[in-house]
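Reader: I'd like a close look at one part of this model, with the reasoning spelled out as you go. Could you walk me through it?

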Amino acid sequence: MQFRILVTSSKGGVGKSTTSLLLALSLAKRGKRVLLCDCDIGSRCLDMLLGIEDEVVYDIGDVYGGNVSAERAIIRPGRGGLMFCAASLSLSVSEMKAEKLCGALDALAEASDADFVICDTAGSAIPDMIAGGFANLALVCTTQQPASVRSAEATAIRLRAAGLASIRLVLTSFEFREASRRERSGILEIIDASSLRAIGAVPFDREMLLAQEKGVLPTGSSAALQAYDNIAARLCGEDTKLFYKIRGISSRRAL
């Protein structure tokens with residue numbers, strides 16, 4: 001079975017692109033073939049984070065329009081089994097058709113022969129199109145901010161209405177210390193408020209923040225990287241604890 005994962009939230013700034021990219025890299029590191037599709041139409045950034053913006057010749061818009069084959073739109077950045085397709089800068093989301101977009105993604109998925117296809121999205125129109133005819137799993141990103149959690153709940157309701165039943169929560173930039181002091185929401189509170197099962201919690205990581213500001217990937221022993229490795233392990237069917245190998249976190253206090 002090919003996992004076709006939609007990474008989404010109707011709220012901006014909650015780490016959708018970071019989650020898409022680092023999860024794809026974690027899965028590739030585990031020996032999986034992964035196709036990362038930038039579906040943030042008109043505002044792509046994953047090519048820059050991968051450092052391959054100069055290699056993008058064709059994008060998902062070319063496949064959507066039938067200008068090139070799916071194979072020609074796929075870039076192989078030289079990171080194990082990772083493959084990449086850039087988002088279009090010229091398509092208008094309002095003019096796109098769900099069936100045609102899902103057809104383009106189907107073609108890319110088949111051409112890549114990937115174990116996992118990860119679609120990074122923004123807004124609500126594109127996720128709704130993909131949920132209805134392509135994805136078989138959605139990862140909804142949220143921070144601890146109440147408005148973000150409410151947005152995650154609303155996103156899940158909309159995705160279910162579009163026909164996608166399998167939805168999981170990814171908590172990003174999570175402040176464990178504040179949660180343990182009851183200064184900010186804990187994991188169980190967020191799960192209750194969003195009505196979603198959590199697949200991972202990514203701690204706030206200053207190294208990650210600085211790397212993002214520079215437009216590069218974090219390196220070294222980043223706690224956030226370990227959290228995405230844990231999510232990847234869970235997606236691969238492993239019984240991995242939420243905070244496995246993340247130092248300084250008490251599961252009981254964070255919950």
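Is Ser173 buried, partly exposed or exposed, and at what relative accessibility? Once that's settled, please take me on to the helices, with helix 11 as the part to dwell on.

Author: Sure. Keep in mind that this is a predicted model. Ser173 comes out at 37% relative accessibility, so it counts as partly exposed; the cut-offs are under 20% for buried and over 50% for exposed. You'll find Ser173 in strand 6, which covers residues 167–174. Its backbone is worth a glance too, since phi of Ser173 is positive, near 50°, and the residue is not a glycine.

Ser195 tells a similar kind of story. Phi there is about 60°, again positive in a residue that isn't glycine. Ser195 sits in the loop that links helix 9 (187–194) to strand 7 (197–203). With 49% relative accessibility, Ser195 is classed as partly exposed, because exposed would take a value over 50%.

Now for helix 11, the part you wanted to dwell on. This helix has 13 residues, and the distance from its first C-alpha to its last is 19 Å, close to the 18 Å expected at 1.5 Å a residue. Eleven of those 13 residues are buried, so helix 11 is largely enclosed by the rest of the structure. Among the buried ones are Ala224, Leu225, Ala227, Ile231 and Leu235, but also Gln226, Asp229 and Asn230.

One partner of helix 11 (residues 223–235) is helix 1 (residues 16–29): the two pack at an angle of about 65°, with their axes 8 Å apart. The crossing of helix 1 past helix 11 is right-handed. On the helix 1 side, the contact is made by Thr18, Thr19, Leu22, Leu23, Ser26, Leu27 and Lys29, while helix 11 brings in Leu225, Tyr228, Asp229, Ile231, Ala232 and Leu235. Sorted by type, that contact has eight nonpolar residues, three polar ones and two charged ones.

Asp229 is a good place to zoom in, as it belongs to helix 11 and takes part in the contact with helix 1. Its relative accessibility is 16%, so Asp229 counts as buried, given the limit of under 20%. What does it touch, once you leave aside neighbours within four places in sequence? Asp229 is in contact with Ser26, Lys29 and Arg30. Ser26 and Lys29 also appear on the helix 1 side of the packing contact.

For another view of burial, try helix 5. Helix 5 (residues 98–112) has 15 residues and runs 21 Å from first C-alpha to last, close to the expected 21 Å at 1.5 Å a residue. The buried residues in helix 5 are Leu101, Cys102, Ala104, Leu105, Leu108, Ala109 and Ser112. They lie on the same side of helix 5, because the arc they cover around the axis is only 155°. Glu99 and Glu110, on the other side of helix 5, are exposed. Right after helix 5 comes Asp113, with a positive phi near 55°.

Last stop: Ala161, in helix 7 (residues 146–161). Its relative accessible area is 69%, so Ala161 is exposed, the cut-off being over 50%. Ala161 and Leu6 are 155 residues apart along the chain, and their C-alpha atoms are separated by 15 Å.

Definitions and conventions
Residues numbered from 1 in each chain as written. Predicted model: local features only at pLDDT ≥ 70, side-chain atom pairs only at ≥ 80, totals over all residues. Heavy atoms only, no water. Axes fitted to C-alpha atoms, helices over the stretch in contact; angles between N-to-C directions. Helix = DSSP H or I, 4+ residues; strand = E, 2+ residues; numbered from the N terminus. Left-handed = near helix turned anticlockwise from the far one by under 90°. Contact = heavy atoms within 4.5 Å. Nonpolar A, V, L, I, M, F, W, Y, C, P; charged D, E, K, R; others polar. Expected span 1.5 Å × (residues − 1). Buried < 20%, exposed > 50% of the residue type's maximum accessible area, 1.4 Å probe, protein only. Arc of directions from axis to C-beta.
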